[in-house]
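Subject: Structure for you to look at

Hello,

Here is the structure I promised you. Please open it and keep it beside this email while you read.

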Amino acid sequence: IFIDVKNASFSEIGIGITANAILLIFHFNTLFLKHRPKPTDLIIVHLALIHIVMLLTMGFMTADIFGSQKLWDDIKCKSVIYFYRLMRGLSFCTTCLLSVTQAITLSPRSSYLAKFKHKSSHQNMYSIFFLWVFNTAINSNFLISTIATPNVTSACLLFVTESCSLCPVSYFFRYIYFALVAFQEVSMMGLMALSSGYMVILLYQHKRQTQHLHSTNLSSKTSPEKKATATILLLMSFFVVMYFLDFIVSSSSRMLWNNDPVRLCVQMIVGNGYATISPLLQSNTYTLNGPGWLSSKHQHSPQQD
């Protein structure tokens, strides 16, 4: 089991870094070479870069868990654990920003969200900067609680890697941290649910209009709107499933306070599943949903009718 978990961890890291690197290069070229890049290109580049850094730090942690390198000092422990937690928080928030931006992109000109279309690129830059500031502050407690503990065992320490552990902090700081994390996760999940539901409604309405306007022979084929709707639902469903699986595994680990390296690697595999699979789903979703393809058709449909 020990060897199988180790191989699974490094396989996930390799696949995830490769997929995100391909996604990063594709959208990076689109962002800087196209005259008018899509509003989502910057966010996808940012998300892919976050996932690459997160998977790289996971690789360092996995190698240390299985004793594949020299023991770390206190500075390296704090840096690696802090960057890993920071990238996880940014991944969550950037996914929400991507969903909201895509909903604005798909909104018809008659909607309230249409006025944000031309401003979305600048707003995305400000939003990304705010997400960095917020997550940098909220995860700063790991710079305090993470310590280097080579060859040290203690009931009050939570094992993270072979070299690093988390020491308990005061109840005051613990409650502040959990309150901020809960606020972040609840608000982001709510925005993702609203934006995804809004996109599904738009795509469903557009599908009904195209079926009314076109012949039954064309309507019998699988439309791009139907594929886009299915992909959006798949991406959202996959994120929610992986989020709750990670929550269950992490909660059980905290309750058991179990210093088992195999259990920790399984937790990391589950927690990084979204970073590995999401670039494959995003490539399908955002190739289908070009900017304005829905809104432009949506505007012409009343005139044709």
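Below is what I found, part by part.

Confidence comes before anything else. This is a predicted model. Its mean pLDDT is 77, and 76% of the residues reach 70 or more. Two stretches stay under 50. One is residues 216-220, with one contact beyond four places in sequence. The other is residues 286-305, and there the model has 46 contacts beyond four places in sequence.

Next, the sheet. It is open, and it has three strands. Their order is 1-3-2, and the pairing is antiparallel. Which strands are at the edges? They are strand 1 (146-148) and strand 2 (158-159), and each pairs on one side only. Strand 3 covers residues 164-166. Strand 2 and strand 3 are joined by two bridges, in the antiparallel sense. Look for L158: its bridge partner is L166, in strand 3. In general, strands of a sheet pair through backbone hydrogen bonds.

Now move to helix 6, residues 171-213. Find I176 there. Why does I176 count as partly exposed? Its relative accessibility is 36%, and partly exposed means between 20% and 50%, so I176 falls in that class.

I176 also belongs to a surface patch. Which residues make this nonpolar patch? They are F172, F173, I176 and L180. The patch has an area of about 410 Å².

Best wishes

Technical notes:
Residues are numbered from 1 along each chain as its sequence is written. This is a predicted model: local features need pLDDT of at least 70, side-chain atom pairs count only at pLDDT 80 or more; totals for chains, interfaces and linings use all residues. Side-chain values use heavy atoms; hydrogens and water are left out. Patches are made of residues with over 30% relative accessible area and no salt bridge: like charges are joined within 9 Å, nonpolar side chains (Val, Leu, Ile, Met, Phe, Trp, Tyr) within 5 Å. Accessible areas come from the Shrake-Rupley method with a 1.4 Å probe; for residues, only the protein chains shown count as cover. A salt bridge is a side-chain nitrogen of Lys or Arg within 4 Å of a carboxyl oxygen of Asp or Glu. Helices (H or I, at least four residues) and strands (E, at least two) are DSSP runs, numbered from the N terminus. Buried means under 20% relative accessible area, exposed over 50%, partly exposed in between (1.4 Å probe, protein chains only). pLDDT is the predictor's confidence in each residue, from 0 to 100. Contact means heavy atoms within 4.5 Å. Two strands pair if DSSP finds at least two bridges between them.
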